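Reader: I would like to go through the helix packing and the empty spaces of this model, and to hear the reasoning behind each term.

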Amino acid sequence: MTTPPPSPLVDRARHVAALAAEHAARAEAARAPHPEVLAAVTAAGFASHGVPAPFGRPGRTLAELKRAVALVAAECPATAWCAVLAALMARTAGYLPRRGREALWADGPDTLVAGAVTPRGSAAPVAGGWSLSGTWPSVTTAEDADWLLLAAVVRADGEPDARVFAVERAAVRVEKTWDDVGMRATGSHTVVADEVFVAAPMTFPFACLTAVDDPPPGPDGRPVPLLAVNAFAFCLPMLGAAQGALRRWRELTDAKLRAHPAAYDPVVAHYADVFARSASEIDAADLVLDRVARVVDSGAPVGRAEVARNQRDCAFAAGLLVGAVDQLMRASGTSGHSTSLGLQRLWRDVHTAGAHRALQFGTAAAGYAREFLRPATPAEASANAVG
């Protein structure tokens, strides 16, 4: 096995993981990231990971992001979710025009960007820019972000379109609405904008987010479609959470196994099956996500086929991880369900992350099949019918 290259982000992620574990219970109760933990996330370099040159730091890869996020998620998936969303939103903000990027990262690459890129608001053209209004739910780190990316429907010359707007946090209102069963410590509250002025350089077409055939340059200058990486980001906290759940399950199970003889025992056989199956599924998901990272990190062109396979792989990995953690939880006994232990929190967080629409296998499978299963043309269908 090849040893991964040294990474300051991975090294700092260990400190973030320890700090997040210490504050996990308080952050869950507050339904928001602990301020000290979120500061550590930013200082570690997660917020700057997707920042484009020349505003960011060169040499960042998805492979190192995967390692770093998984380390944090093994202790606190909610913190890992905040971390990877900060990286993803920075990458998304890279689509802003040059003047917009200069304004957003005027204070440096560690600017914390949050966002909601489903067009839920509306915007109207005004002198020098746009007037933005709307309500966007489930915006991770909404209260703490420096900037927010908010998607809205616009009308230009009577035709509906959509754009993404970069708005300073002080210009909007945040309503504390986050009340999910999992990922409680992400502070994914609702953002409200009331006729907020957005200057022209602080917006870009929504089509940038979905462009595949001819995407604009990404953070490293290469035209990598955002659709090739977004599901990957959402899946990483699930990977680390599953790895953490396996470790905690082993700790819970060791004491139970010591009460049984070394000879064949049905209880031992049951635990062996659960352990081997869950570990295999987690390892398989890990390997699948490694390939997703390589597709982007390799520097080779990323087209429609690679996007479709990446999305399929991420949704498939998410299903493996949910199944693995479910097995562990079911076999953990009453003690594993105790709210005083971390296993149940990881289980809840994995289910909330796995419910993200970007990780639904049916949708990803349809896109994959559309790309690789070519239906017959009308002429071919006619020829087949005659034959």
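Author: The turns below take up one helix pair, then the cavities and the pocket, in a model that is predicted.

Reader: What makes helix 3 oblique to helix 7?

Author: Helix 3, residues 62-73, and helix 7, residues 230-257, pack at an angle of about 45°. Angles under 35 degrees count as roughly parallel and those from 65 to 115 as roughly perpendicular, with the rest between these ranges called oblique, and therefore helix 3 is oblique to helix 7. The axes of the two helices are 7 Å apart, and their crossing is right-handed.

Reader: Which residues of helix 3 and helix 7 meet, and how do they divide by class?

Author: From helix 3, L62, L65, K66, V69, A70 and A73 meet F232, L236, P237, L239, G240, A241 and Q243 of helix 7. By class, this contact has 10 nonpolar, two polar and one charged residues. Gly counts as polar and Lys as charged, so G240 belongs to the polar residues and K66 to the charged class.

Reader: Why is the largest cavity called a cavity, and what lines the largest cavity?

Author: The term is used because a 1.4 Å probe fits at the points of a cavity but cannot get out. The structure holds three cavities of 30 Å³ or more, and about 80 Å³ of space lies in the largest cavity. Its lining consists of H49, G50, L62, L65, V84, A87, L88, R91, V229, F232 and A233, and the elements that give two or more residues to this lining are helix 3, helix 4 and helix 7. Helix 4 gives the most, with four residues. The lining divides into eight nonpolar, two polar and one charged residues; Arg counts as charged, so R91 is the charged residue.

Reader: How do you know which element gives the most to the lining of the second largest cavity?

Author: The second largest cavity has a volume of about 50 Å³, and C82, L85, A86, M89, L112, V113, A114, G115, T140 and T141 line this space. Helix 4 and strand 1 each supply at least two of these residues, and helix 4 gives the most, with four. By class, the lining has seven nonpolar, three polar and no charged residues.

Reader: What makes the largest pocket a pocket, and which residues are closest to its centre?

Author: A pocket is an open set of points, and the largest pocket has a volume of about 1,400 Å³. Of the 46 residues that line the largest pocket, N230, F234, H356, R357 and A358 are the closest to its centre.

Key: Residues are numbered from 1 along each chain as its sequence is written. This is a predicted model: local features need pLDDT of at least 70, side-chain atom pairs count only at pLDDT 80 or more; totals for chains, interfaces and linings use all residues. Side-chain values use heavy atoms; hydrogens and water are left out. Axes are lines fitted to C-alpha atoms, for helices over the stretch in contact, and angles run from 0 to 180 degrees between N-to-C directions. Angles under 35 degrees count as roughly parallel, over 145 as roughly antiparallel, 65 to 115 as roughly perpendicular and the rest as oblique. A crossing is left-handed if the near helix is turned anticlockwise from the far one by less than a right angle, and right-handed if clockwise. Contact means heavy atoms within 4.5 Å. On a 1 Å grid over the protein atoms alone, a cavity is a set of points where a 1.4 Å probe fits but cannot get out, and a pocket is an open set with protein on both sides within 12 Å along at least five of seven lines; lining residues have an atom within 4 Å of a point. Grid points are joined across faces, edges and corners, and a volume is the space filled by probe spheres set on the points.
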